[in-house]
Amino acid sequence: MSKLEDIVSLCKRRGFIFPGSDIYGGMAGTWDFGPLGTTLKRKIMDEWWRYFVESREDMYGVDAAIIMNPRTWVASGHLATFADPLVECKECKSRFRADKIASGITESVTTEEFLDTHTKCPVCGKENWGPIRKFNMMFTTHVGAVLPDDDAETANKNLTYLRPETAQGIFTNYKNIVDTIYPDLPFGLAQQGKAFRNEISPRDYILRDRECSQMEIEYFVAPNAWEDGFETMRALQHDFLENVMHLPADKLHEYEVPAEDRAHYSKRTIDFMFDYPNGEEELMGLAYRTDFDLQNIARESGKSMDYRDKVTNEVFVPHVIEPSIGVERLMLAVLSMAYTEDEVNGEKRIVLKLPENLAPYRFCVSPLLKNKPELVEKARGVYQMLREKYVNVTWDDSGNIGKRYRKQDEIGTPKCIVIDFDTLEDDTVTIRDRDTTEQVRVKISEL
Ligand SMILES: [Zn+2]
């Protein structure tokens, strides 16, 4: 098994991540988070929010609706350009993203260019392709009552989309925020939430799913200050990824995206790549979006997006720096660094070396024996005390101590605390360390 398969298997076995709609045979490109995965995901999102919003004076939160007026996607350009090159195999009818199955071509590939690559169908091995067609990746839905016998015009009037990015929920609220709290420039608006992309072929576990959670900031700057803003955001991303998420710097690589590959709105983009178990993949993006979005919204809405500088009285439309990261991508990076196999007393051990600030549980408390009421009672007291102090504490009295350690190692609990007969005498407990497996005796009062 590859390391990624090992992680997928552990995550399912221990209740971190399940295939979406598992009980009905699954739903491609969707994943559900179990109790431990939910806690890990929430901790990642909370750390991000604390770091980028709560601890800063220049950042504010936004929580916009997922379903937006469809004019949003006309103005943003998504309706016209948020499309992938789809190609169909005429032999077996399988559909693929052309730029993902052939090398040396980009998203803007033409049918001729694709045919010249002489790519064979990954499913049936034949080479008999239809033309390249543009497939818009936005999910469509209808808002309000639409009946099966409605004509196309009526149905279309109600047509809208699930948001393909959280960013537009921020841009469309820019004017509300400037009008109400009038923040000093530069300032950032941050949002966490779901985004939807109808990927032609979702793959790579939670890396390319159809429904994902994004964490995005639109950082508004004066037009001539965009380079400073870009460097500020760039440094913050590194600090957050390396010192809060504890991803090693040598696994992170910056890739300057060339003009022809950049999204339609960007004048400069750096992709932050990460060495995942199956190879280098994009972890997050940092884009200079210019005033593209605000100007488009001004045009589509007829409302001014001007900002008046409080010192110089100069009036302009701010430019924007956007760091954008997918929670699931970040979670897989964290999991792939944490997943470790080693040997303890000649036995293979799987251990999730999650950083303490991200581990679902910080402590596990257990009585040495579950059939000794005096031990159980003492252990419950320690458990309650630690829960009040640290919140994320778990209780485990199943099986023998060895089995409990193995389980806690697999879910990444940094410390296991065991109450034994000595505890009843001298109020000390054993603390066992997840990474070194070393055990020390500590007074309960010092926990
Ligand atoms: Zn085929």
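**Entry 1: helix H11**

I started at the end of H11, where Gly302 follows the helix with a positive phi, near 75°. I note that this is a predicted model.

Next I asked which residues of helix H11 (residues 292–301) are buried. I found Asp293, Leu294 and Ile297. Looking down the axis of H11, I see these buried residues fall within an arc of 95°, so they line one face of the helix. I then looked up what they pack against. The partners are helix H3 (71–75), helix H8 (167–171), helix H9 (174–181), E13 and E16.

**Entry 2: the sheet**

E13 and E16 led me to the sheet they belong to. I read the strand order as E3-E9-E10-E16-E13-E12-E11. This is an open sheet of seven strands with mixed pairing. Strand E3 (59–61) and strand E11 (252–256) form the edges, each pairing on one side only. I get an average twist of 25° from one strand to the next.

I then took up one pair in detail. Strand E12 (residues 268–276) and strand E13 (residues 279–290) run antiparallel. How many bridges join E12 to E13? I count nine. One residue I checked was Arg268, and its bridge partner in E13 is Tyr288.

I also looked for a helix lying across these strands. Helix H10 (residues 226–244) crosses strand E10 (211–221), E11, E12, E13 and strand E16 (319–326). H10 runs at about 20° to E16.

**Entry 3: domains and cores**

I wrote down the division of the protein: domain 1 (3–82 + 159–336), domain 2 (85–136) and domain 3 (361–446). How far apart are the C-alpha centres of domain 2 and domain 3? They lie 57 Å apart.

Then I turned to the largest nonpolar core, which has 79 residues. The members touching the most other members are Leu330, Met331, Ala333, Val334 and Val365. Helix H12 (residues 327–338) gives the largest share of this core, eight residues. Where does the core sit relative to the domains? Domain 1 and domain 3 both give residues to it, so the core lies between them.

I followed Ala333 further. Leaving out residues up to four places away in sequence, I find that Ala333 touches Leu247, Phe274, Tyr276 and Leu283.

There is also a second, separate core, of six residues. Among its members I noted Val87, Phe96, Ala98 and Ala102.

Conventions. Residues numbered from 1 in each chain as written. Predicted model: local features only at pLDDT ≥ 70, side-chain atom pairs only at ≥ 80, totals over all residues. Pairing = 2+ DSSP bridges. Helix = DSSP H or I, 4+ residues; strand = E, 2+ residues; numbered from the N terminus. Axes fitted to C-alpha atoms, helices over the stretch in contact; angles between N-to-C directions. Contact = placed C-beta atoms within 7 Å. Core = buried A, V, L, I, M, F, W, Y, C linked by C-beta atoms within 7 Å. Buried ≥ 20, exposed ≤ 12 C-beta atoms within 10 Å, placed from the backbone. Domains from an automatic or database assignment. Arc of directions from axis to C-beta.
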